[in-house]
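Biologist: I am new to this structure and would love a close look at one small part of it. Could you pick a single residue, show me its surroundings, and then step back to the rest of the chain?

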Amino acid sequence: MSTNITICNEALNVIGAGSIQSFEQNTDNARRCASVYDSTRKALLRMHPWSFAKKRAQLAPTTSRPLFGYGNAFPLPKDFIRVIDTSVLEYEIEDRYILANTNLINLIYVSDNKNEETWDSLFHDCMVLYLVNKIAKAITGSNAEADSAWQKLQNMLKQARAVNAQERPSQNLSDSYSPSLIEVRY
């Protein structure tokens with residue numbers, strides 16, 4: 001069973017540091033893990049459109065409109081991390097709103113999935129490596145382990161992208177073909 005503590009203990013184990021029982025424990029390792037865990041999870045979720053964290057929402061516009069540029073503002077879900085698709089071609093994210101010239105947005109997004117039990121195994125391993133990268137120097141006094149973890153994380157993210165691509169049906173490129181884009185070149 002994966003929890004935030006087991007994931008932190010895996011990271012601590014990689015660098016040869018002592019385990020923790022909880023984030024509230026009065027030890028340097030517990031304080032270090034507690035201080036970086038949430039921000040590390042959110043940053044890692046932004047790095048890739050992880051399938052396990054994908055959600056869908058229909059967004060209705062707020063009653064207040066942007067001053068200029070777009071007709072409507074749509075509030076982002078509280079657990080929003082990253083856009084996957086908005087169902088509109090032209091939009092902009094500004095101050096926790098999607099601005100667009102439409103009356104409805106069918107949003108597909110990466111959510112802030114805090115339930116470690118639902119995480120993809122590659123995400124779990126990436127989280128361990130990212131934590132190692134963030135805490136290794138403070139614990140070991142050396143950048144070597146942190147740098148090594150960063151390189152391993154980059155390679156694992158490539159693997160995650162490849163696996164994610166294989167789990168999605170292939171897309172027909174002719175469906176999104178726009179001759180006007182080709183004509184611009186000639």
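**A close look at Ala-100**

Modeller: Happy to! Leaving aside residues up to four places away in sequence, Ala-100 touches Tyr-70, Gly-71, Asn-72, Phe-74, Val-88, Glu-90, Tyr-91 and Ile-105. Please keep in mind as we go that this is a predicted model.

Let us begin with how covered this residue is. Ala-100 has a relative accessibility of 1%, and because buried means under 20%, Ala-100 counts as buried. In the protein chain as a whole, which has 186 residues, buried ones make up 37%.

Now for its place in the fold. Ala-100 is part of strand E5, which covers residues 97-100. Strand E5 pairs with E4 in the antiparallel sense, over 4 bridges. Within this part of the model, Tyr-91 stands opposite Ala-100, and Tyr-91 is also among the residues that Ala-100 touches. Another of those contacts is Val-88: it sits 12 residues away from Ala-100 along the chain, yet the two C-alpha atoms are separated by 7.8 Å.

Stepping back a little, we can see the sheet around it. The order of its 3 strands is E2-E5-E4, the pairing is antiparallel, and the sheet is open. Strand E2 (72-75) and strand E4 (91-94) are at the edges; each has a single partner strand, so one side of each is left without a neighbour in the sheet. On average, neighbouring strands here are turned by 30° against each other, direction ignored. Two of the residues that Ala-100 touches, Asn-72 and Phe-74, fall within the stretch 72-75 of strand E2.

Stepping back further, the protein chain holds 5 helices and 6 strands. Starting from the N terminus, the elements run α-α-β-β-β-β-β-β-α-α-α. One helix pair is worth a visit too: H2 (residues 28-46) and H3 (residues 121-140) pack with their axes 9 Å apart, at an angle of about 135°. That angle makes H2 oblique to H3, and their crossing is right-handed. Among the residues that meet there are Val-36, Tyr-37 and Leu-44 from H2, and Phe-123, Met-127 and Leu-131 from H3.

Finally, here are two figures for the whole chain. Of the contacts between residues at least 6 apart in sequence, 65% join residues at least 24 apart. The accessible surface comes to about 11,400 Å², with 48% of it belonging to carbon and sulfur atoms.

Terms used. Residues numbered from 1 in each chain as written. Predicted model: local features only at pLDDT ≥ 70, side-chain atom pairs only at ≥ 80, totals over all residues. Heavy atoms only, no water. Pairing = 2+ DSSP bridges. Helix = DSSP H or I, 4+ residues; strand = E, 2+ residues; numbered from the N terminus. Axes fitted to C-alpha atoms, helices over the stretch in contact; angles between N-to-C directions. Buried < 20%, exposed > 50% of the residue type's maximum accessible area, 1.4 Å probe, protein only. Contact = heavy atoms within 4.5 Å. Areas by Shrake-Rupley, 256 points an atom, 1.4 Å probe, with all protein chains shown as cover. Parallel < 35°, antiparallel > 145°, perpendicular 65-115°, else oblique. Left-handed = near helix turned anticlockwise from the far one by under 90°.
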